[in-house]
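Reader: I am new to this structure and would like to go through it with you. Could you guide me?
Author: Certainly; please ask as we go.

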Amino acid sequence: MTAARPPRAPAARQNDGQITDWALAAGGGDREAADRFVRATYEDVRRFVAYLSADVPGADDLAQETYLRAMSGLARFAGRSCARTWLMSIARRVVVDRYRTAAARPRTADTADWQTAAERAQPRHLPGFEESVAVLDALRRLDPARRQAFVLTQLLGLSYEDAAAAAGCPIGTVRSRVARARRELAVQWRTEPADPVRVG
């Protein structure tokens, strides 16, 4: 059985230097730069929060919350790191805060049933739907820290250094987490009884 391959990072990804320039200009009040910054990074943020939270239906809400926090902090962004890395660290905190809020709130419904109902409501005729579900299911089984490192480096294309900055941990830890995630995903895909799924 051939192992599935994760989707590649977006080919049309903007240059990190340009994104950082837009972020700095937006922090100075340039609305056009703010618009370009959001458009250049939105898909990466949405994909990151979807995989990190394992909540595809809620990804737009999480991305919106990320940008609300980012826009309010742009005036303080000094450009010492890449703006994409800075944005992903905000996205990570948004997801963590969502988990904390959910944990503190009394549960009124079974999460598994809600998640199943939401996934059934998703349109299944779109190209790549089945492959995306297969990858998401595989990623859900990973330890959250490994999933985060894998998504940042392998799906969003961040360098290990930038991923470490976004995750708030040493580069060696990111490398270790990615290596372990790859091994676990390879085992999952080798043992899947269904036909092989090719993604990317």
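**How the helices pack**

Author: Helix α7 passes helix α8 in a right-handed crossing. Please keep in mind that the model is predicted.

Reader: At what angle do α7 and α8 pack, and how far apart are their axes?
Author: The angle is about 140 degrees, and the axes are 10 Å apart. That makes α7 oblique to α8, because an angle has to be over 145 degrees to count as roughly antiparallel.

Reader: Which residues meet there?
Author: From α7 they are Q148, L152, T153 and Q154, and from α8 they are Y160, A163, A166 and A167. Sorted by class, the contact of α7 with α8 has five nonpolar residues, three polar ones and no charged ones.

Reader: Let me step back. How many helices and strands does the chain have?
Author: The chain has nine helices and zero strands. Read along the sequence, the pattern is therefore α-α-α-α-α-α-α-α-α.

Reader: And what share of the residues is buried?
Author: Of the 200 residues in the chain, 38% are buried.

Reader: What about contacts between residues far apart in sequence?
Author: Taking contacts between residues at least 6 apart in sequence, 72% join residues at least 24 apart.

Reader: Back to α7, then. How do α2 and α7 cross?
Author: The axes of α2, residues 31-53, and α7, residues 144-155, come within 9 Å and cross at roughly 155 degrees. That makes α2 roughly antiparallel to α7, since the angle is over 145 degrees. The crossing of these two helices is right-handed.

Reader: Which residues make that contact?
Author: On the α2 side they are R47, F48, Y51 and L52. On the α7 side they are P144, R147, Q148, V151, L152 and L155. By class, the contact of α2 with α7 holds seven nonpolar, one polar and two charged residues.

Reader: You mentioned F48. What does F48 touch?
Author: Leaving out residues up to four places away in sequence, F48 touches M88, A91, R92, Q148, V151, L152 and L156.

Reader: How many residues are in the largest nonpolar core?
Author: That core has 50 residues, and those with the most contacts inside it are F37, F48, M88, L139 and L152. At least two residues come from each of α1, α2, α3, α4, α6, α7, α8 and α9. The largest share, 10 residues, comes from α2.

Reader: Where do nonpolar side chains tend to be in general?
Author: In soluble globular proteins, nonpolar side chains tend to be buried together.

Reader: Now α2 and α3, please. How do they pack?
Author: They pack at an angle of about 130 degrees, with their axes 8 Å apart. That makes α2 oblique to α3. The crossing of α2 and α3 is right-handed.

Reader: Which residues are involved?
Author: From α2 the contact takes A34, F37, V38, T41, Y42, V45, R46, V49, A50 and S53. From α3 it takes A59, D60, L62, A63, T66, Y67 and M71. The residues of the contact of α2 with α3 divide into 12 nonpolar, three polar and two charged.

Reader: Is T66 buried or exposed?
Author: T66, which is found in α3, counts as buried because its relative accessibility is 0%, and the cut-off for buried is under 20%. Not counting residues up to four places away in sequence, T66 touches V45, V49, L87, I90, A91 and V94.

Reader: What lies in the loop between α2 and α3?
Author: V56 has its place in that loop. V56 is partly exposed, with a relative accessible area of 29%. Leaving aside neighbours within four places in sequence, V56 is in contact with R46, A50 and L136. The C-alpha atoms of V56 and R46 are separated by 8.8 Å, and these residues are 10 apart along the chain.

Reader: One last stop: where is A165?
Author: A165 is found in α8. With a relative accessible area of 46%, A165 is partly exposed.

Reader: And what does A165 touch?
Author: Setting aside residues up to four places away in sequence, A165 touches T85 and S89. A165 and W86 are 79 residues apart in sequence, and their C-alpha atoms are 7.9 Å apart in space.

Key
Residues numbered from 1 in each chain as written. Predicted model: local features only at pLDDT ≥ 70, side-chain atom pairs only at ≥ 80, totals over all residues. Heavy atoms only, no water. Axes fitted to C-alpha atoms, helices over the stretch in contact; angles between N-to-C directions. Helix = DSSP H or I, 4+ residues; strand = E, 2+ residues; numbered from the N terminus. Parallel < 35°, antiparallel > 145°, perpendicular 65-115°, else oblique. Left-handed = near helix turned anticlockwise from the far one by under 90°. Contact = heavy atoms within 4.5 Å. Nonpolar A, V, L, I, M, F, W, Y, C, P; charged D, E, K, R; others polar. Core = buried A, V, L, I, M, F, W, Y, C linked by side-chain atoms within 4.5 Å. Buried < 20%, exposed > 50% of the residue type's maximum accessible area, 1.4 Å probe, protein only.
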